[in-house]
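Me: Please take a close look at one small part of this structure with me. I am a first-year student, so a careful, connected account would help.

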Amino acid sequence: MNLKQEVYSVLEQLKDYGDLNGLLIESIDETKGDYCLPCFSLAKTLRKAPMIIADEIAKSLNIDNSNIEKVESVAGYVNFFLNKENVSKNVLNNFVVPKHNSNDKVVCIDYCSVNLAKYMHIGHLKNSFLGESLARLFEHFGYKVVRINYIGDYGTPYGKIIAGLQMWGTDEDVKTRGIDALQEYYVKFCAAEADDENLQQLARDLSKKIEDKDAEIYPIYQQIIEVARKEAERLLDILGIHFDSWKGEASYAEELNDVVKMLDEKGLLSISEGATIVDLSKFDMPPCLVKRSDGASIYASRDIAAAIDRYNTYKFDKMLYLTAVEQKLHFAQFFKVLELADMPFSSSLEHISYGRFSLPSGKISSRHGKQAVLVDLIDYVLDKAKDVIKNRTFSIEKPEDVAMKVAKGVLSFNAINIDRNKDAIFDIDRAFSFEGETAPYMQYTYTRIMSILRKAQGLELDSVEPDYSCLNQTQAFELIKSCCQLDNILSLAIDKRDPSVVLKYCMEMCKTLNKYYTVCKILDDNMAQVKAKLQLLTLVKDVLSTAFNLICIETVEEM
RNA sequence: GUGUCAAUAGCUCAGCUGGAUAGAGCAUCGCCCUUCUAAGGCGAGGGCCGGGGGUUCGAAUCCCUCUUGACACACCA
């Protein structure tokens, strides 16, 4: 039920005021009604004072809609008051959480982009949850979503790891310590090569051997990739994120010549400073490099190859790339190149960028040194959740389960929480707090609903006629209105490509609920009212569980 | 230097497709568990919404300009 539309429907009878559509806004507080129409912009065309216009509108309106109780004119505003009881009754009997039918459109989302040569870190946390949440939002609206983890499995880092492995490591060590062993070789080698040209050359030679699929080196590379990928999959599995494709950069190595050839045939290429480029000066952009001066490939050509491949494979209607903001120009460039090459899908490509996390210096201690490594973040927050649960005053059936769900919620919350575009400070103490506006707060609110619903199970309410008048109470009606907003909020989130919209919506609802409990007892002696209140809680529960899921926060029955 | 994004309470952030008195959480101080989960609720203090212009009946919100910061600007991705 669209409540704003109800008010519009009443306004439609006004013919002399022009199009009032779009002027209607939500009232600032309940004393000013639920919606209001500011009349100031009408003053000029009507040559009348806003107050007079508001008076006239309020008087002339014939309210023939049972959802609207009254209309008032105050200081140039026409305030509309909903009939709370009727609206509550309508909403609770008719509103269902919307499920959209399949729309036969395919959206590819390229996110996470784990670099297998490095530990996953705080940046991946943001990327992965933002991407996953967007994926779920698109699915909610009926799209077929293809989740793509375009892994970094190409380039000199692997030469360095192999060099390190050969110098200091053993196969046995890799087998037992896995990713930790590989990272150790990498870090140690990077330090060693800093002022050693021989070692730098060694790393280059080894990467070349990987590219040439050298009989001795290539299997080692494959083994390294296997180990690193398993670890990435393990961590993403913990977070509840699963990909349809793990096709990485390396898999496009052979198609690069075709890409360059295609661009050449379209007459787009030129040579500059020895490198092969597409000149984009007409579009106020620096040139897009498709081949280095030494003839080697570069990321732009790999991205072009990948885009073409994905279109051929999935016939996508949209292809979204999620990366940190510093790659903005790169995406603008290769999108433009694909447009100039007349690729039919070029206008379906979209880069979604996000601001970076910065760390308060020295705050994050880690067994991996001074970076916010994902494994450590997961361990840390999980331990903390277990600790809090241990100290609860009542017993919880599956404490491990709950701790895990709380931990995941905290991680997702921190990834999605802040406006996508903003740089944000990741302070572990603040981020992993379980009090105030946090994911545990939201989950806690949900458990309180469940607790009440469980308690209400024994009540005989089947023959009871619900009394909706008790929902006139401020917070109760606020909840009714919020539930109606769900689809608008989800649409806004998907339009802005920003799940934080959903998160804020959930938070507001949770705050209202927590207030509601303290001012109004749900299970009292008036069964007619209890029935109405339980209907409200059930609806809120459904709305929250839908919205939570879309922002990767799991619901819990008790905590 | 050019471009992009940002600047709101002590801290971290909402609000930004213009509307009635600028919000929240944290921190500080003071209350509330014999009452459906205190991971909760209530209250207090705390603001030239970076500066300056402009548009408008009305600007934190739109435009211009300056300052500060982050990022990008050819062989890393």
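How many bridges join strand 8 to strand 9, and in which sense, parallel or antiparallel, do these strands run?

Reply: This is a predicted model, in which local features need pLDDT of at least 70 and side-chain atom pairs count only at pLDDT 80 or more, while totals for chains, interfaces and linings use all residues. Residues are numbered from 1 along each chain as its sequence is written, and chains are lettered from A and ligands numbered from 1 in the order in which they are written.

Strand 8 and strand 9 run antiparallel and are joined by 3 bridges, and one bridge partner lies in strand 9, where Lys-291 is matched to Thr-276. Strands here are DSSP runs (E, at least two residues), as helices are (H or I, at least four), numbered from the N terminus. With strand 7 they form an open antiparallel sheet of 3 strands in the order 7-8-9, and the edge strands, strand 7 (269–272) and strand 9, each pair on one side only, where pairing requires at least two DSSP bridges. Ignoring direction, neighbouring strands of this sheet are turned by 45 degrees against each other on average.

Helix 11 (residues 256–265) lies across strand 7, strand 8 and strand 9, running at about 125 degrees to strand 9; such angles run from 0 to 180 degrees between N-to-C directions of lines fitted to C-alpha atoms, for helices over the stretch in contact.

Helix 13 also meets this region, for its buried residues pack against strand 8 (275–278) and strand 9 (288–291), as well as helix 12 (299–314) and strand 11 (349–354). Contact needs C-beta atoms, placed from the backbone, within 7 Å. Those buried residues (20 or more other C-beta atoms within 10 Å of their own) are Gln-333, Phe-334, Phe-335, Val-337 and Leu-338.

Technical notes
A residue is buried if 20 or more other C-beta atoms lie within 10 Å of its own, exposed if 12 or fewer, and partly exposed in between; C-beta atoms are placed from the backbone. Two residues are in contact if their C-beta atoms, placed from the backbone, lie within 7 Å.
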